[in-house]
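Work through the exercises below with the model open. Each task is followed by a solution in steps.

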Amino acid sequence: MVLKTYRQAINEALVGEMRRDADVILMGEDVAGGAGGSGEDDAWGGPLGVTRGLLSEFGSDRVLDTPISEAGFIGAAIGAAAAGLRPVVDLMFNDFVGVCFDQVVNQAAKFRYMFGGQDQVPLTIRTMIGAGLNISSQHSQSLYPVFSYFAGLKVLVPSSPYDAKGLLTSAIRDNDPVIFCEHKLLYDMVEDVPDENYSIPFGEANLLREGQDVTIVALSRMVHVATEAAAVLAREGIEADLLDPRTTTPLDTESILDSVEATGRLVIVDEAGPRCGMASDIAALVAEDGFGHLRAPIVKVTPPHVPIPAAPNLEAMYIPDVARVVEAVRRVVAY
Amino acid sequence: MAIDLNTADPEALRRRLALRDDPVQRYRRLVEIRAAEERIREFHASGQAWGTTHCADGQEAVAVGLAAAAPPTDLFWVAHRVHAIGLALGCTLESVFAENLGRTTGSVGGIGGSFHLTDVGVGLIHSFTIIGTQIAQALGGAFASQVLDSDRVTVAVFGDGATNIGVFHEALNLASLWKAPVVFVLENNHYAEFTHVDAVSTVTPLARRADSYGIPWQVVDGQDVEAVTSATTSALEHARGGAGPTLLEMSTYRYLGHSRSDPAAYRPEGEAEVWHERDPIKVEAARLRALNVVSDADLSAIDESVANEIAAAADAAFSAPKPPLSAMFTNVWAPEPAP
């Protein structure tokens, strides 16, 4: 194994699947690195360089820069998937789903069902989530709870390079539409990642730490915030089960309920908002199906119910941090 | 990939291929569609069917001409006014009736209802009820043909209303850019729901919008099944030969209101009557009679045999079971996990 970044892990998953299957094509704004200019080929590879190098290996027939037409090219990718390809589309920032929402949630999500199972949409939509770059309310949201609402869409929130590579590989091989949510602050995170492609099954939470006092469920980059918090708490003698669901659809409800049965306490750490989000969804799950095991109220650690500010001091207070998680856990343990 | 002619219902495929070389069969299908939609309205009027329904009375020549021109391997992504094009492409009467009646033998097992039909075996991918979306999907299907080196052409069928939605413009730009093997069929029946086309756009003919994207276009007499067949055949050949997309505007008229609840009171007096004079069934009957291909007795015999088929198909649809609870949970997800 070799240390690789989250960015490299995603790039390798794409390269591996494109080598393995000629039906895999890549489409999106600037994924080929800036088409049409007379300067350097492959100069970019997406705004954060994730798809760099793919154009030179696979050519412009399989790595396509598109116009700024999300409804058009995501709609086309859905049609291409239904007609036999296995497209991977880049919806740069997940906030942009506003201009192609119909395509994602009414079309891709429902084709198999509404076509009576006569066709399918093996499509992967890669998209960036998360705050932390001081780029305000329309480039920083975490919309996986929105995607998770829709039956027919699978939704992945990898928190590490290893998971990113394995989950993206599974996404491309999957026969349903998958939304693959890349947290933009994780691109430089490094970890041991195998060279060859491997798949991680959907709906299997990762138990990152074991403890008897409290269950912490954290998603995407919040897994790292929760990991730090758990280390602080351990020094106080509070031991946490730390679960990363890794996929919000399907959701590994069994692992969450089993953990709460053992600990009796639940804190959910989510960068998505407090209303109608994964934190409230998981809280509702445990309130309904695990109530008898609870020894304290469930606590959600989320941003406030506001759009996202750009000013660095405000954004830092918007995003859940280690101190808030530690405080929340102390509160449920002391209840 | 599910699209495979070997999976086609042999009866649907036979119905599709019957139109190819036989003008009498095309005439017969016009009659069948008119009568089938009349029967569908009776299901609703009598409370036997639920939801809504959108009929294409007056527009049958567009449906039949498209189906006659295209081989069954070409793929159609069409709009919600789908009974006509569905029956033209080969969907059986029973599968269309049963879908309207919410039965297991319906085109998509009762999940879709009146305006959602699929029969990939004869190239009907689906009918779409969010206006215009299928234009992008058809483009994607055409792009797949290019990547897969297939000679399959894709056809998008949409109404005049869809030319005002963004995805129409985005898809035309991409189709031109990619030189995609797609035919855009703009079925101009002059009303988007209740609103006349002239009230919502200043460009006449609408097809001229294709000029913005460097796509060739043509206005076709949508009341004449042979004109539709001929124009579509040329556009399909153009696309199949690698020359890229075409936009065909089929000029036609919707005899009835938008859906079953609309009496179309907004139309000026006498407007529908003008179109009725060039009714697609009348136009084709006159041609066949003039060519002496059929006699009046033959035409009556067609009417009678269609009526019998419709009665039998309706009986069969009524006797099919309603979907079981398990059907609600089927086809939400891929049947097997990722390898």
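**Exercise 1. The contact between the chains**

Task: Find how many residues chain B and chain A each bring to their contact, and which element of chain B gives the largest share.

Solution. Call two residues in contact if their C-beta atoms, placed from the backbone, lie within 7 Å. The count is then 41 residues from chain B and 39 residues from chain A. Next, sort the chain B side by element, where helices (H or I, at least four residues) and strands (E, at least two) are DSSP runs numbered from the N terminus. β1 (75-79), β2 (124-128), α6 (133-147) and α7 (166-178) of chain B each supply at least two residues. The largest share, 10 residues, comes from α6(B). Last, split the chain B side by type: 26 nonpolar, 14 polar and one charged. Here Ala, Val, Leu, Ile, Met, Phe, Trp, Tyr, Cys and Pro count as nonpolar, Asp, Glu, Lys and Arg as charged, and the others, Gly among them, as polar.

The model is predicted: local features need pLDDT of at least 70 and side-chain atom pairs 80 or more, while totals for chains, interfaces and linings use all residues. Residues are numbered from 1 along each chain as its sequence is written, and chains are lettered from A and ligands numbered from 1 in the order in which they are written.

**Exercise 2. The nonpolar core**

Task: State which residues touch the most other members of the largest nonpolar core.

Solution. Take a residue as buried if 20 or more other C-beta atoms lie within 10 Å of its own, exposed if 12 or fewer, and partly exposed in between. A nonpolar core joins buried Ala, Val, Leu, Ile, Met, Phe, Trp, Tyr and Cys residues through C-beta atoms within 7 Å. The largest has 190 residues, and Val267(A), Val329(A), Leu66(B) and Leu139(B) touch the most other members. Helix α3 (residues 70-82) of chain A gives the most to this core, with nine residues. Now follow Leu139(B): its contacts beyond four places in sequence include Ala76(A) and Gly79(A) in one chain, and Ala171(B) and Leu174(B) in the other.

**Exercise 3. Two domains of chain A**

Task: Determine how far apart the C-alpha centres of domain 1 and domain 2 of chain A lie.

Solution. Start with the bounds, which come from an automatic or database domain assignment: domain 1 (2-193) and domain 2 (206-334). Their C-alpha centres lie 27 Å apart. The contact takes 27 residues from domain 1 and 25 residues from domain 2. On the domain 1 side, α6, β6 (154-156), α7 (161-173) and β7 (178-183) of chain A each give two or more residues. That side divides into 14 nonpolar, 11 polar and two charged residues.

**Exercise 4. A loop residue**

Task: Is Ala131(A) buried or exposed?

Solution. Locate Ala131(A) in the loop between β5 (124-129) and α6 (144-148) of chain A. Count its C-beta neighbours inside 10 Å: there are 25, so Ala131(A) is buried. Its contacts beyond four places in sequence include Glu271(A), Ile308(A) and Tyr318(A).

**Exercise 5. The faces of a helix**

Task: Work out which residues of α10 (residues 280-290) of chain B are buried, and where they fall around the axis.

Solution. Pro280(B), Val283(B) and Glu284(B) are buried. Take the directions from the helix axis to the C-beta atoms. The buried residues fall within an arc of 90 degrees, so they line one face of α10(B). They pack against α2 (23-45), α3 (60-69) and α8 (225-240) of chain B. The face turned away carries the exposed Ala286(B) and Ala290(B). Just after α10(B), Asn292(B) takes a positive phi of about 60 degrees.
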